[in-house]
Amino acid sequence: MSGVDGLLLSPLLILATGLGAAFLLGLLHPRQSGVAYGLTLVALAWMAWIPARWLWAFVLQGAAPVEILTAGTPPPFAINLRFGLPEAALTLLVNLTGLLSAIHLKDVLLNQGRRAMAVLLVAVMALGGIILTRDMFNLFVFLELAVISTAGLVLLSDTHRPGLALGAGFKYLVVSQFISVFLLVGIIFAYHATGTLNIDGMAEAGLANVAALAFFLMFIAVVSELKPFPANGWALDIYESAPPAFSALFSAATGAAVLYAADKLLLIGGDAWLPMATAIGIVTFIAANLLALPQTHDRRLLGYSSVAQTGLVLMVLGQRDILGEATPFIAFGLLVSHAVAKAGLYWLSGLVQERRLTDWAALGRRPLLVFAFATFMAMLTGLPPFPGFYAKWELVHHLAGADRLVLLALVLLGALIEAGYLFRWFGYLLKREAPGGETAPCTPHKLVPVLAALAAGWALAWLWGDLFGRVNLLLALPLLFALAFLLLDWLPAWIKNTLAIAGLVAYFIMTWGEYDPMRLIFAIIFLIGGALTLLASYHAHGRRIGFYPAAMLMYAGMVMLIQATSAFEFFAAWELLTVGSYFLILRGKASEPHALSYILFSLGGAFLILAGFAIAAAAVPRLDLAATGALQLDLASLAQVAAPAAPWVFLLLAIGFMTKTAAIGVHIWLPGAHAEAETDVSPMVSGILLKAGLYGLMVLLLAMGKQQLHGVELTHALLWVAALTALLGNLMAVFQEDAKRLLAYSSIGQMGYAMFGLALMNHLGWLMALVFVINHYIYKSMLFLAVGGVAKRTGTREMYRMGGLIRLMPLSFIAVLIGIIALSGVPPLSGFGGRWIFYNAIMDSETRLPIVVLFLAGPVAFLYLFRLIYTIFLGQLKDELRRVKEAPFWIVLPQMIYVALLLVFALVPGLALRQVDAYLDRFFPDGGLRWEGGQITSQYGYWDPIAIMIVVGVIFTTLFLWLLFVNRRAQMVKQFNIVFSAERPYRPETTHFAWNFFAPYRKALGFLTQPLATNFWGAVTDLLHTAGDLGRRLYDGNGQTYAFHLLAFVIIAFFIGMGA
Amino acid sequence: MAFEWIKIPYALLTLFIVVNYGMLLGALMQKIAARVGRRHGVPIWQNYADLIKNYGLRTSITHGVMFYLGPVFRLSGGVGLLLFVPTIYGSEMFSNLSFAGDLILALYFVFFGTLGMALGAGESGHPHAAIGVSRGLAQVTAAELPFALAVFAVALQYQTLSITDIVAAQQGGVENWTLFTNPLAVAAAMLAFLGSMMRPPFDVVLAPQEIPIGPPTEYHSSYLALMQTNRAIFPIAKIVVYMNLFFGGAATWPVFFLKVFCIYLVSVFVGVVFPRFRVEQSIRWFLVWAVPLGVLAILLV
Amino acid sequence: MHALYDRLKALFPVGEFTEQRSNLAFVTLPGAYLRPALLHLRDREGFTHLVLLTAVDWIEQGQFQLTYLLSNRAENRDIGLRVMLPRLGTVMASIHDLWPTAATYQRELREMFGIDFPDSPGVYEEFILEGWNDIPPYRRDFDTLQYAQDSYAQRPGRETRDPESHMKQQLYPGKG
Amino acid sequence: MKRDPMHFIKPELMPRKVKGPDGVEFEVEPLRDYFCDAPPTVQHGAYLKIVEDFFNWARAQSLWILGFGTGCGAIEMRPLMTPRFDAYRYGIQWRPTARQANLLVISGYLSTKTLKRAIRAYEQMQNPKYVVGLGSCTINGGMYWDSYNTIKCLDQYLPVDLYITGCMPRPEALLQGFEDLKKLIRAGQAEGANRYAENFTWYKANQKQVIHDWDMPDYNW
């Protein structure tokens, strides 16, 4: 032993403490439950301290692992234990969970007395034993101990709903005995075959080859303890009926311990048994997540989720042949994420009184608890900056590197389903009405474990970032800035707003020299544009809890996106901006379902991107994955992706980015998300956030260029998608009654145009895309603000309820007027520039047919634009809106700035475009523009924005003055002074022609707006839910059935595993 | 091409000629349509009388600022369109203000007046105005499509977006006109032309019987006078674009008058023969008959 | 039609029977039996169409006569049911639930005769007259000439001639 | 059965309490809030007589009849559009909206109910505007002399410029009437709109005497 080790306590003390304390408890008087509880806590704390100290020694002081030999003899003859880094970490995890659970269980334990405490101690001790032991039979003993103590705990805690836990515990015991039989028989056979009970000895003896059946029995028994699908009904009842703190222990600690046991067994089994572990793991992961989907009971859902996560880790263990040295990083990353988050959620569930998911709304009013839930949710779904994110990244890259693409797809699918029910739950938590408005009592002993888990989560996030070795996301300045707002959330909103604006501007000033002209445009939109939009947020009063962390997280993600040089940074930024914007969108009043669909589509898209990057990394020749273990892929090296993989990478990435730009087919999240968002959030997510997807496409297209798949030019396919997006987005906008939904659909159409420009893959096409990027940012932000301001004042977003507001809200009207002229592309405003470049760009293009679709889309924009301005501001003013005031100053101010910007951009587009035009020469040398004075010339045509503005201005002014002169005595009349066939209007409501405005158009072209995509995705969701529901029929609550499940599982595993 | 001050009086001269020609031509077309019904129709100077009468009205009302701006937008659109397009080929004098932009400018400036007018009519608060606009916009989406396709086909054919260059390419004989070099495009464009002239069968926008003349229901006196002026200019401005793109342009005023007259007559011929389409019927008609021609035109260029 | 009358007589206390044509007849019956009679005629006898509902002011008898004219399209014959009501405070049960069009007739009758049909939709809304402020104009005790002279400015110098004698004089001058 | 005029005010014209989106209640009085009630004023012609004469020539040459048939006489106006009579030759056209018309033809008997609409239509036309009474009914009630709901003398209610006699007058008579009206216009004598404004109270009193349910502002812009 080294000098350091001398200072450390023997790990055996962990076990000894547990046992000893349990024994001591028996000596206490039954009434002294307070003393007993104190003793339990001390014992558990002591049990946690020992591995913690060891861990410290292992990591920082370079201690060596110790082998502990009992009875003083080497392994074959006596039980031996090992205590290394993994053991230390796991026992720490188990014992800490035990300690915190004991704190959380205070009421139950005090109520049940020392017996329960003793059983808890034994359980924790047994789990420690499972981790430490290297002896097979010893493992069996500890497993039995764990099982019995678990059942005992469950039975003892059968207080609040008598019978339920009793049944659960009994079923658990029954099934556990089956498992024990398998294990015991296996051990006997194994001992017979190898003559040793030592795990390492068995491994050396090649047990798996000598006596495969023996190994199979042992292996399957341990795996069964992990509750694999479908043999897990018995365990789920425990999750459901036991007290939450105990479920936490059961989920986090037992799961971790048994996984480690399974890992040890795999050591014996060798590579031959890895596929079986993989198969069981992935099937369990997918099936349990599917089953969790239709759950409404919180703890049962968490139970399914636990099973799924355990399955995932088992799958990772099964992939150790390709993961190699990365296995611990990945497995532990997933495991600790799972353990901390799941334990945290179970503890949290102790604060909720009712058991339906919707009852969690009771927590919605407590920012700290919401933050805790969000953290746990992010950990479970593997979002940055938590360990699961790094682990997922590595895992996917290794899988792609080994060409295990099916597995990769399944992992991502399962993760998406998991995200589905977790985010849905989060939506309930924030947006549903708490039943009866009651919040659960928040006693310290219930809160402490939750907060501890929260702290642990963030600590682990930092740790994994550090371990990851390349980029620790928690050191990224933008992210830190965003997270700082979590700490500042107690400040009034206007201070935070000022800080946020200052931060954005300052960061731009700090970094603006780093960007090339194209990125500079995005940087300006993201940072300066973001600051400008935030001006509108000054209108909010109070503290606006949760707004700024979310908003700044989104901005941080966007900034990191354009600064990213490697695929990892890019992807992390992508996930950050997705999550940030999700929280932002979720803030809207009725946005719960829309935010959910947003995050699911975004995560789905993100997973495609992840897969794309992973496959690309595998296909870039120079990378030797096994040697480095690091999977650094420069964005630039996307260009070097070799041939067979390249088009697929392109496809995956393109679809991933297109979920963000809401291309047709994956657009259905957008209208709701953008429409239901708050007034100042809509411009952020529409005007700014959508550009992230375009940026991604630009990066992709610049690096990979044109790709062919089965003879199909992918950029050509993109052209079609873009054109259809433009057309259908516009068409659907025409038929909206809700002003913000109209604008949202319009965004889909506009993004279609921009995508079309990119897909043209020529100089002017790209320039056009950038013009659309700039223009769309300005006018859509402006329109969303204007409409949001109107909606705020009128209390409705339905346009037919408005009307005639021009006199009451003149500034908003001006903003909308300028906005729609610019959007429609009518000269002299800036939209025309985009159209002009578009025409010049398509002159250069080979493809003609998609252009037809785009031509059709153009005039359709007039329809919804006219409707927008007419039904809101013109026509008949309604009774109840007669006293409406102009929108709040802070909402109007940015609009007026946007108006000015639009005019400037209309007059001197070169200000923004000249640099980019020159920059694009690098990629598309032909077809640039010439800028001479005011005149802009392409090889086909020319225009002069200043001349146009002057000519139009002069004509317009002259005529206006003339009309004013000849009509100087016109009588101003009121709204019912119209010729109404010599009658008079009845009421403004019946006179305002607004609802179903384009009825004839619907007759003619409405068939194009069938909600095909919505139906498709609805069917997919239904299918998943139905599958989950079918699965639920497996679990009928009958112990015999569960036993039968287990048998069936073992037999199937046997035939598949041994038969192969 | 660049700006010189002398262009302003020249442009005003063009405007003057076109306004008067438009007034007379409008009445003439009414007379021709009347002759089809065996009437004599209005006197040739009727439009002048109407215009003066409307300026001569002593009272007027207003519904608000946008109501004022509607006709201003409308006429600016007409005048602008006329002046952004060279009227007489090869004449520096009558190239107007085409230095400001090319064909695309003309194409999009068409909507300037329409949009403004729709807004002005909207502020009148009259439901018929809104119904008319709704119909008009719905129809225009389909009617403009074949024209846009034809324009694109022509631009591809001559590899330029400059109107002057397109006209130049058609010089040297009738056989060089786009009409003969690219008949599909011209056919598509002429069908679109029918849709944009507010004559039967595509006049459901104004529909005098059901929705008293639609958008301009509330307009009168000098507002209406401005719109009448536009009614004289706008069709001609539009026909000038057609003439330049498809019919070889005009090198002198007499040729100009003749060609404009002939193109205008096409819509009148069709208009006096056919009854009115409903909106969805005309949309389908354009999509079924005109758009395929346009698509063929851009594919076969 | 007599067969029909006999069948009706068996069911309802119908009064006198007038056969106008072979396919048009009228019967009188008390107001209380109107509804069952209408239902019988509509559902059993095939008189599915309410042709009209009108009133006659028998001021001398102090009665209003309501006539419900029904038509059997299949057999091409019509029957009118007459109900006599006192002129004072005339109220009659509405039949708008049998034929929705009856509501319009009833509205007109209330406005022009002052016969009330409670529960008939919109029966108290103005029908043709606007702002009428006199007794209902179709009542025979309403003096339309007097009303016209009182209400409207007259152009002096107007002459009224008897059309018959005037035309005779115009066409056959001197023949007396 | 004499009733208070307010009795006839339609519910939709009654003042009503509404609650704004901000929850504040206020009263809406439709007749005040939705209608402009400025009275008409006498409008003078152009300062220079020659200009006014020129305008009058144009006005005479451009008679735009409001497409509003008030009685059976409307049937006699249709033939004017046919090839047989072709009134377009004389600068006569029909407009479907009162804003653009300058000639209101009261074509036959005018019930009080229609009178209300005719007044509204007339007032919505712009000065100068002309009224032509068509047929005996507009002159002295004609065959409706004893009717309880038609007016007997149009010029009591609207400033008539010209009557065309007959029951019914033939289209030729109408054309002749319009030609006579043109002469009046050219002579500057067709100033009905100004007469209406000058004698506004008298006209209104007459109108209100026969229209019992007066539920509109005194002048309909």
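In what sense, parallel or antiparallel, do strand β8 of chain A and β1(B) pair, and over how many bridges? In this predicted model, β8 (residues 971–972) of chain A joins β1(B) in the parallel sense, and the pairing runs over two bridges. Within β1(B), B:I61 serves as the bridge partner of A:Q971.

This pairing can be set beside the wider picture of chains A and B. Here 69 residues of chain B are in contact with 61 residues of chain A. On the side of chain B that touches chain A, two or more residues come from each of β1 (61–62), α3 (65–84), α4 (103–123), α5 (127–158), α9 (221–246) and α11 (279–300) of chain B. The most is given by α5(B), with 16 residues. As for chemical character, this side of chain B is made up of 42 nonpolar, 19 polar and eight charged residues.

Chain A also offers a helix pair worth a look. Helix α32 (residues 714–734) and helix α37 (residues 849–873) of chain A have axes that come within 8 Å and cross at roughly 20 degrees. Since angles under 35 degrees count as roughly parallel, α32(A) and α37(A) are therefore roughly parallel to each other. Their crossing is left-handed. On the α32(A) side, the residues that meet α37(A) include A:L719, A:W720, A:A723, A:L724, A:L727 and A:N730. Among those that α37(A) brings to the contact are A:P850, A:V853, A:L856, A:V860 and A:Y864. The contact of α32(A) with α37(A) divides into 18 nonpolar residues, one polar and no charged.

Chain C turns the attention to a sheet. Five of its strands form an open sheet with mixed pairing, in the order β1-β2-β5-β4-β3. At the edges stand β1 (17–21) and β3 (49–58) of chain C, each of which pairs on one side only. On average, and with direction ignored, neighbouring strands of this sheet are turned by 20 degrees against each other.

The edge strand β3(C) can be followed further. It pairs with strand β4 (residues 63–72) of chain C in the antiparallel sense, over nine bridges. One example is C:D57, whose bridge partner in β4(C) is C:F64. Across β3 and β4 of chain C lies helix α3 (residues 102–113) of chain C, which runs at about 15 degrees to β3(C).

Terms used
Residues numbered from 1 in each chain as written. Chains lettered and ligands numbered in written order. Predicted model: local features only at pLDDT ≥ 70, side-chain atom pairs only at ≥ 80, totals over all residues. Contact = placed C-beta atoms within 7 Å. Helix = DSSP H or I, 4+ residues; strand = E, 2+ residues; numbered from the N terminus. Nonpolar A, V, L, I, M, F, W, Y, C, P; charged D, E, K, R; others polar. Pairing = 2+ DSSP bridges. Axes fitted to C-alpha atoms, helices over the stretch in contact; angles between N-to-C directions. Parallel < 35°, antiparallel > 145°, perpendicular 65-115°, else oblique. Left-handed = near helix turned anticlockwise from the far one by under 90°.
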